[in-house]
Every structure is written in C-alpha cells, then in structure tokens.
Amino acid sequence: MNVGIVTSFVIGGLMLISILTLNVQTTKYASESTLEIVNNIRMESLSDVLTNDFQKIGQGLPSGASPFITLESNRIQFRSDAFYGDDRDFSTITWEFRANEEFTASSNPNDYTLIRSDVITGSLTNTTQEFGVSHFEITYLNQNGSVVTGLPGNKNLIRKIRVEIICESFESTSKDASGDPIYNKVMWSKIFYPENVQYLNQ
Amino acid sequence: MNDYSDIIFLTGAMIIFSTLSLNTVKFFNTNDQIEYQSKLQYNGIAVAQDKIEEIRWIADEDRFKAGSSSFLERDYPSTVTQTYGDENQFEFDYTVNVDVAPTSITGSNATNYRVTVLVSNSELPDNQTITTEYIKSFGN
C-alpha cells in the first residue's frame, strides 16, 4: 500500500468535498436571493394597488353617500371612484383577508388569500384580484391616532387607516435546525389619510 | 526540493481555495446587509410619508410659527417604532426629525412653510437619512 497515494486521495477528497460544499452554498444563496427579489416585487405590486384604493376612499361619491360599508380588521368595504377621470362611475371596493383559505398558487402553508374586488354600482361586472400574503391587518384610527372602537357605528370618527402586510416567499429558502422550512419575509405598513374622510360629520 | 513539490502545490491550491471561499462568504454577508438596509429604507420611506400626511392635515398655522408654544419642531426628534406581525415579531426603530422654515413662492399669495421630514436609523449606511419635503400653505 503506497502511503503517498492514500494521502493524496484523502487530501484530494477533502478538497473536493470543500469545493462541492461551496458550490452548494453558492447555488442556495442564489436561489434565496432570487426569492427575495420576487417577494419584494410582489409586495411592491400589492402596495401600489392598495395605496391607490385607500388614498381615494370616498372619492367621486354623490352627496350624502357614506364612503364606508364594512370595517373589520381583516375586511374593509368602501365606495370610491378609485380610477377617477375614466369613464367608470364610483364602485364598491372590498379588501378581504381570508385567514382560513390557503393561497393555492403558493406552496407556502403560511400564505393565505387576500382578495380585492371592485363592483360597479348597478352593474354585474366584478373585477377580482387575488394575492397571497401571510399577514394582513387593518386598524382604524381617529384624529388623535387612537383606535376607533364601536365600529361600524362610529365610522364617521375615522380619519386614518393603518394597513400592515407581511408577504412570505412562495418557496422555502432553507430549513432551520429542527428541519422546518424558513421563508423569506417582507414587511410593509402605512397609515393612510384619505382626503374624503377628513371632514366627515362626527 | 522534488520531495516537497506536492506539498507546495497543495498549499498553493488550499490558499487559493480559502481566498475564494472567504470572498464568497464576504459577498454573501455584504449582500445580506444590503438587503436588510433596503428593507429599512423601504419602511423608512413609508414612515416619512406617514409623517408628511399627518402634517398635511394640521389646520393650526401656529404650529408652523417658530415663536409659538405649539411649534411643530418642539415635538421632535421622536422615535417611531414600526412593528409587524401577530405578536409584533418584527420591529424597526426610526428617529424622526422635522424642520419647518418659512418660504416664499413667486406668485403665491399664501403664507408658505417648507416642512422637511428627516428619518434615520442607526443601521443605515453612512448615517444615511431619508428626507421628504412638503410645502404647507395657509391662505391670507
């Protein structure tokens, strides 16, 4: 048995294992990075649509019409001409987070369905968009920034609406020590001050 | 010398490979840091926009007058904590500062104030500050 050859095999093997490990790590990191970018883009698209809707709550309504219909932490329904200037009249817009309905397009079990529906009053046309998010919460605040209680009765006290979203990647990026999958998370929150609810009669 | 040539080659290869590994890990770390900082910036911009929106709806002009007891700048700097998740799993702290200065706009009959909102976080690179501006006008 040639000691030199055996030693070469052992050292060569160790080098090979190191190179393969580095290669695996680099590939894993590249996929994590891609998932992070995709997740950021998803959040950006969602926040764009949501910002457009929430800033325009109550816009273009006939005199006396209340902007708010439903006010819950996981569901808001309001009237608005969210695309003011087009040939559409105002519509009823609903944002609803269904925390018991898994988002089927994602393999992440923490992803649930967030639905945006837009129904033009008196029309059967219903535009629906679905998003997959892991957390969605709406908080209704008054002029002083305190949470408005007794909704929907006290809906005219609302001046600010805080929306909080957490988006997780559709695929797991790695596994933790106990073997559970880890998902990339992106958080976003914003307080909206819709112009058309600032002067509602209290 | 011939007896040691293998060891010398092997040492050279290990040094090159170690340098490569270190550079790769360094790249991963830098990238992670940039990703984290971009999350901070993204949410910091939302904090600055929230503050501008809040200032936009202040109806009392005294809050923009430097000598007034209710002057807006007296409330700052303040710390804004952004929490996310069911049990506040994630938390970011921002320092918000507001600067108010009277400004004149050519052709405007209103009294105008330039409000600058500065948002910072200790983990942003090079003491970076997110700055947003808003012109608040009051009719004469």
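**Notes on chains A and B**

1. Of chain A's 202 residues, 29% are buried (20 or more other C-beta atoms within 10 Å of the residue's own, with C-beta atoms placed from the backbone). Bear in mind that this is a predicted model, where local features need pLDDT of at least 70, side-chain atom pairs count only at pLDDT 80 or more, and totals for chains, interfaces and linings use all residues. Residues are numbered from 1 along each chain as its sequence is written, while chains are lettered from A and ligands numbered from 1 in the order in which they are written.

2. Chain A has 1 helix and 10 strands (DSSP runs numbered from the N terminus: H or I of at least four residues for helices, E of at least two for strands). Along the sequence, the helix comes before the strands: α-β-β-β-β-β-β-β-β-β-β.

3. As for dimensions, the C-alpha atoms of chain A fill a box of roughly 95 × 35 × 30 Å along the principal axes. Its radius of gyration is 25 Å, against near 17 Å for a compact globule of 202 residues (taken over C-alpha atoms; the globule rule is 2.2 Å times the number of residues to the power 0.38).

4. Over in chain B, there's an open sheet of 4 strands, ordered β1-β2-β3-β4 with antiparallel pairing (strands pair if DSSP finds at least two bridges between them). β1 (78–84) and β4 (129–138) of chain B are the edge strands, each with a single partner, so one side of each has no neighbour in the sheet.

5. Looking at one pair, β1(B) and β2 (residues 90–103) of chain B run antiparallel over 7 bridges. Here B:Tyr84 sits opposite B:Phe90 in β2(B).

Technical notes
A residue is buried if 20 or more other C-beta atoms lie within 10 Å of its own, exposed if 12 or fewer, and partly exposed in between; C-beta atoms are placed from the backbone.
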